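Thank you for asking me to look over this chain before you begin working with it. Please read the points below with the sequence and the model side by side.

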Amino acid sequence: MNFFAPLALARGFATALGKAKGAVVNITSIAGHSIHPFAGSAYSTSKAALSALTRELAVEFAQLGVKVNAVAPGEIETAMIGEEYESLIRVFPCSAWARRRRSPVRSISSARATSPM
């Protein structure tokens with residue numbers, strides 16, 4: 001699902017996206033780029049594959065005038081996130097990235113903070 005659905009949709013809508021000068025934005029994950037304590041191998045490899053697909057589609061769709069990018073969010077506070085995550089915030093890749101860049105991104109985000117609604 002994390003890989004084949006975006007592939008099928010992008011290919012299926014390629015012509016229409018080109019005519020509209022549209023864009024594709026895939027949602028990957030930090031788990032696709034480094035070890036994550038709870039993600040598991042199936043999820044992590046599917047997100048890594050989606051990141052690779054995004055790079056390849058960006059090259060292929062450039063000739064159509066379609067931009068292809070990805071967003072790789074960190075943790076989003078949902079019902080799946082339990083108290084066990086609190087102690088891990090400091091070791092998530094996002095936190096190390098934030099410290100190196102002096103970014104304020106140092107905590108688990110909420111669905112409300114990431115949703116336009």
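The numbered points below go from confidence and overall layout to single residues.

1. This is a predicted model, in which local features need pLDDT of at least 70 and side-chain atom pairs count only at pLDDT 80 or more, while totals for chains, interfaces and linings use all residues. Residues are numbered from 1 along each chain as its sequence is written, and side-chain values use heavy atoms, with hydrogens and water left out.

2. Confidence deserves a look before anything else. The pLDDT, which is the predictor's confidence in each residue on a scale from 0 to 100, has a mean of 76 over the chain, and 57% of the residues reach 70 or more. Helix α1 has the highest confidence, at 95, whereas helix α3 (residues 93–101) has the lowest, at a mean of 50. Over residues 101–106 the pLDDT is below 50, although this stretch still has 9 contacts in the model beyond near neighbours in sequence, a contact being heavy atoms within 4.5 Å. Where pLDDT is low, the predicted coordinates should not be read in detail.

3. The chain contains 4 helices and 4 strands, and its pattern along the sequence reads α-β-α-β-β-α-β-α. Helices (H or I, at least four residues) and strands (E, at least two) are DSSP runs, numbered from the N terminus. Of the contacts between residues at least 6 apart in sequence, 64% join residues at least 24 apart.

4. Buried residues account for 31% of the 117 residues in the chain; here buried means under 20% relative accessible area, exposed means over 50%, and partly exposed lies in between, with a 1.4 Å probe and protein chains only. The accessible surface comes to about 8000 Å², and carbon and sulfur atoms hold 61% of that surface. Accessible areas come from the Shrake-Rupley method with a 1.4 Å probe, and for residues only the protein chains shown count as cover.

5. Which residues make up the largest nonpolar core? There are 11 of them, namely L7, A10, A14, L17, V24, L50, L53, L57, F61, V66 and V68, and the elements that give two or more residues to this core are α1 (4–20) and α2 (41–62). A nonpolar core is a set of buried Ala, Val, Leu, Ile, Met, Phe, Trp, Tyr and Cys residues joined through side-chain atoms within 4.5 Å. In soluble globular proteins, nonpolar side chains tend to be buried together. Setting aside residues up to four places away in sequence, A14 touches F61 and L64.

6. V66, one of the core residues, sits in the loop between α2 and β2 (67–71) and counts as buried because its relative accessibility is 3%. Apart from neighbours within four places in sequence, V66 is in contact with L17, G18, G22, A23, V24 and F61. Its C-alpha atom is 5.2 Å from that of A23, although V66 and A23 are 43 residues apart in sequence.

7. Helix α2 also holds S51 and T54, and these two merit a closer look. S51 is buried, since its relative accessibility is 7%, and it touches T28 and H33, not counting residues up to four places away in sequence. The C-alpha atoms of S51 and H33 are separated by 8.7 Å, with their positions 18 residues apart along the chain as the sequence separation. T54 is likewise buried, at 6% relative accessibility, and its contacts, leaving aside neighbours within four places in sequence, are N26, V68, N69 and A70.

8. Is K21, in the loop between α1 and β1, buried or exposed? K21 is exposed because its relative accessible area is 58%. Its phi is positive, at about 55°, although K21 is not a glycine. Most residues other than glycine have a negative phi, and most peptide bonds are trans.

9. At the surface, V25, I27 and V71 make a nonpolar patch of about 260 Å². I27 belongs to strand β1 (residues 23–27) and is partly exposed, given its relative accessible area of 47%. Patches are made of residues with over 30% relative accessible area and no salt bridge, with like charges joined within 9 Å and nonpolar side chains (Val, Leu, Ile, Met, Phe, Trp, Tyr) within 5 Å; a salt bridge is a side-chain nitrogen of Lys or Arg within 4 Å of a carboxyl oxygen of Asp or Glu.
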